[in-house]
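Hi,

Here is the structure I promised to pass on. Have a look at it first, and my notes follow underneath.

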Amino acid sequence: MRTEPPAPQHEWLDGDAGPVVRPYTLTGGRVRSAVGFDLVAFVLAASDVDPAAHPQLLPEHRRLVALAGRPVSVAELAAELDLAVGVIRVLLGDLLAQGLVAVHEPPADGNLPDDDILKAVVSGLRAL
């Protein structure tokens with residue numbers, strides 16, 4: 001009895017995960033977004049957004065919009081999609097350019113309270 005040899009394996013297939021796609025294919029080879037996003041910046045999808053109305057969106061774009069239904073940080077999005085932060089930034093730049101999400105950056109360093117004030121607040125709380 002003759003058995004068939006096993007089918008050839010390709011490096012882009014993974015038996016457990018299925019097809020594996022390199023991150024740069026998701027971004028079309030782009031490594032930087034037109035807009036720089038801070039890791040702790042909050043992303044929020046537009047209230048009237050319908051990803052189905054945008055057939056050019058990748059599944060990752062659609063997932064980002066779905067996750068951004070509530071305010072979520074860039075770092076959380078990267079963790080949730082299990083993608084590099086650089087890839088998430090490029091994909092968010094695409095969504096921002098199309099008006100599908102809004103990004104709220106953290107306040108600049110100039111708006112933060114002085115260290116002495118923070119130390120005084122902590123000391124006052126400990127005294128309670």
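Let's start with a small one: does serine 73 count as buried or exposed, and why? Serine 73 counts as buried, because its relative accessibility is 8%, and the cut-off for buried is under 20%. Bear in mind throughout that this is a predicted model.

As for where that serine sits, serine 73 belongs to strand β4, which spans residues 72–73. If you ignore the neighbours within four places in sequence, serine 73 is in contact with Leu39, Val40, Ala41 and Phe42. One of these, phenylalanine 42, is also the bridge partner of serine 73.

That pairing leads straight to the sheet. Strand β3 (residues 42–45) and β4 run antiparallel and are joined by two bridges. The full sheet is open, has three strands in the order β4-β3-β5, and pairs antiparallel. At the edges are β4 and β5 (101–104), each of which pairs on one side only. Helix α4 (residues 85–97) packs on this sheet and touches β3 and β5; the direction of α4 makes about 115° with that of β5. As general background, strands of a sheet pair through backbone hydrogen bonds, either parallel or antiparallel.

Now the helices. In α2 (residues 59–67), the buried residues are His61, Leu64, Val65 and Leu67. They lie on the same side of α2, because the arc they cover around the axis is only 165°. The general rule behind this sort of pattern is that an α-helix has 3.6 residues a turn, so residues three or four places apart point the same way. On the face of α2 turned away from the buried side you'll find the exposed residues Pro59 and Ala66. And what covers the buried residues of α2? The cover includes β3, β4, α3 (74–81), α4 and β5.

Two helix pairs involving α4 may interest you:

- α2 with α4: these pack at an angle of about 80°, with axes 10 Å apart. That makes α2 roughly perpendicular to α4, since angles of 65 to 115 degrees count that way. The contact is made by Glu60, His61, Leu64 and Val65 of α2 and by Ile88, Leu91, Leu92, Asp94 and Leu95 of α4.
- α3 with α4: the axes come within 9 Å and cross at roughly 110°, and α3 and α4 are therefore roughly perpendicular to each other. Their crossing is right-handed. Val74, Leu77, Ala78 and Leu81 of α3 make the contact with Val85, Ile88, Arg89 and Leu92 of α4.

One residue from the α2 contact deserves its own note. Aspartate 94, in helix α4, counts as buried because its relative accessibility is 16%, where the cut-off is under 20%. Aspartate 94 and valine 35 are 59 residues apart in sequence, yet their C-alpha atoms are 9.6 Å apart in space.

Finally, the chain as a whole. The chain has five helices and five strands, which follow the pattern β-β-α-β-α-β-α-α-β-α along the sequence. Of its 128 residues, 23% are buried. Among contacts with a separation of 6 or more, 70% come from residues 24 or more positions apart.

Shout if you'd like to go through any of it together.

Cheers

Notes. Residues are numbered from 1 along each chain as its sequence is written. This is a predicted model: local features need pLDDT of at least 70, side-chain atom pairs count only at pLDDT 80 or more; totals for chains, interfaces and linings use all residues. Side-chain values use heavy atoms; hydrogens and water are left out. Helices (H or I, at least four residues) and strands (E, at least two) are DSSP runs, numbered from the N terminus. Buried means under 20% relative accessible area, exposed over 50%, partly exposed in between (1.4 Å probe, protein chains only). Contact means heavy atoms within 4.5 Å. Two strands pair if DSSP finds at least two bridges between them. Axes are lines fitted to C-alpha atoms, for helices over the stretch in contact, and angles run from 0 to 180 degrees between N-to-C directions. The arc is that of the directions from the helix axis to the C-beta atoms. Angles under 35 degrees count as roughly parallel, over 145 as roughly antiparallel, 65 to 115 as roughly perpendicular and the rest as oblique. A crossing is left-handed if the near helix is turned anticlockwise from the far one by less than a right angle, and right-handed if clockwise.
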